[in-house]
Amino acid sequence: MSEYLVRGATLVCSNGSHKRKINLPKCHGVYVGHHPLLHELEHKEEWRCGKENCNITSFGVCIPKEGNPPPTEIKTLDRRAENSKNGAAGPVTGHICRPEIVGKWHQAYEKTRIVDNGLNNVSDRARVKNNTGTPVGQSTLTMDSFLVCAYGGRIAPVDSGQRRNVMINEFIDPSEYNEVMGQPGPYANQLERINENK
């Protein structure tokens with residue numbers, strides 16, 4: 001089974017030049033170790049809701065294999081090996097790769113669901129179960145999940161985000177950091193995996 005995606009997972013767009021991290025402005029209280037899980041409705045684009053409230057930012061410059069790039073400004077961006085989609089370094093010029101997401105995440109994991117707490121689905125908070133007895137909430141994301149862009153790109157993870165340190169600035173309220181991470185100690189950032197429970 002694929003690993004769950006968490007805040008900070010690295011994404012690439014098949015038409016973009018740069019890798020990006022997925023953001024989760026407010027977590028839902030569901031974690032893999034100390035990392036907050038993502039669900040299928042977490043696909044808000046930066047150009048629609050601003051950097052602080054979005055999940056997906058631009059992917060550098062759009063270089064579509066077929067079709068046209070988005071009607072965005074043309075810029076020259078610097079690429080370093082570590083932020084480049086394919087490891088290439090140097091400047092790249094073209095239309096800014098501003099994604100326009102079609103629908104929600106595809107191939108989300110239905111057996112593990114997250115109650116949205118009304119952030120993206122207002123009716124989700126009030127329900128306990130629907131008429132068929134299926135658990136409420138939104139399906140979680142895994143390494144198999146992907147998004148589709150209206151300009152022909154496929155946005156997919158290249159890592160789950162689980163193997164990075166959680167930083168205090170990822171929390172809206174710094175007091176939440178201690179609640180989630182516990183008091184600092186030698187094992188505060190040790191990865192705890194739940195993937196075997198899938």
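Modeller: Start with a definition: two strands pair if DSSP finds at least two bridges between them. Keep in mind that this model is predicted.

Colleague: How many bridges join β1 and β2, and in which sense do they pair?

Modeller: In general, strands of a sheet pair through backbone hydrogen bonds, either parallel or antiparallel. Here β1 and β2 pair over two bridges, in the antiparallel sense. Leu11 stands opposite Arg20 in β2.

Colleague: In which order do the strands of the open sheet run?

Modeller: Five strands make up this open sheet, in the order β2-β1-β11-β10-β7. The pairing is antiparallel. The edges are β2 (20-21) and β7 (101-106), each of which pairs on one side only.

Colleague: Just before β1 sits Arg7. Where does Arg7 lie, and is Arg7 buried or exposed?

Modeller: Arg7 is in the segment before β1 (10-13). The test for buried is under 20% relative accessible area. Arg7 has 5% relative accessibility, so Arg7 counts as buried. Look for a polar partner next: a polar atom of the Arg7 side chain lies 2.8 Å from the backbone oxygen of Leu24.

Colleague: Now charges. How many salt bridges does a search of the whole structure find?

Modeller: The cut-off is 4 Å between a side-chain nitrogen of Lys or Arg and a carboxyl oxygen of Asp or Glu. The search finds four salt bridges. One of them joins Lys104 and Glu40, with the closest N and O atoms 3.5 Å apart.

Colleague: Why does the pair of Lys104 and Glu40 tie together parts that are apart in sequence?

Modeller: Because Lys104 lies in strand β7 and Glu40 in the loop between β4 (35-36) and α1 (46-49), the pair links parts 64 residues apart in sequence. Lys104 is partly exposed at 38% relative accessibility. Glu40 is buried at 7%.

Colleague: Which residue forms a salt bridge with Arg48, and which with Arg80?

Modeller: Glu45 does so with Arg48, the closest N and O atoms being 2.8 Å apart. Glu45 is buried at 4% relative accessibility, while Arg48 is partly exposed at 49%. Glu82 is the partner of Arg80, also with 2.8 Å between the closest N and O atoms. Glu82 counts as exposed at 55%, and Arg80 as partly exposed at 42%.

Colleague: Last, the cysteines. What does the disulfide count come to?

Modeller: Test each sulfur pair against 2.5 Å. The count comes to zero. The cysteine sulfur closest to that of Cys62 is in Cys97, at 4.4 Å, so the gap is too far for a bond. Cys149 is in no disulfide either; its nearest cysteine sulfur, in Cys13, is 5.7 Å away. Cys62 counts as buried at 7% relative accessibility, and Cys149 counts as buried at 8%.

Conventions: Residues numbered from 1 in each chain as written. Predicted model: local features only at pLDDT ≥ 70, side-chain atom pairs only at ≥ 80, totals over all residues. Heavy atoms only, no water. Helix = DSSP H or I, 4+ residues; strand = E, 2+ residues; numbered from the N terminus. Buried < 20%, exposed > 50% of the residue type's maximum accessible area, 1.4 Å probe, protein only. Polar contact = N/O pair within 3.5 Å; in protein donor to acceptor, adjacent residues only side chain to side chain.
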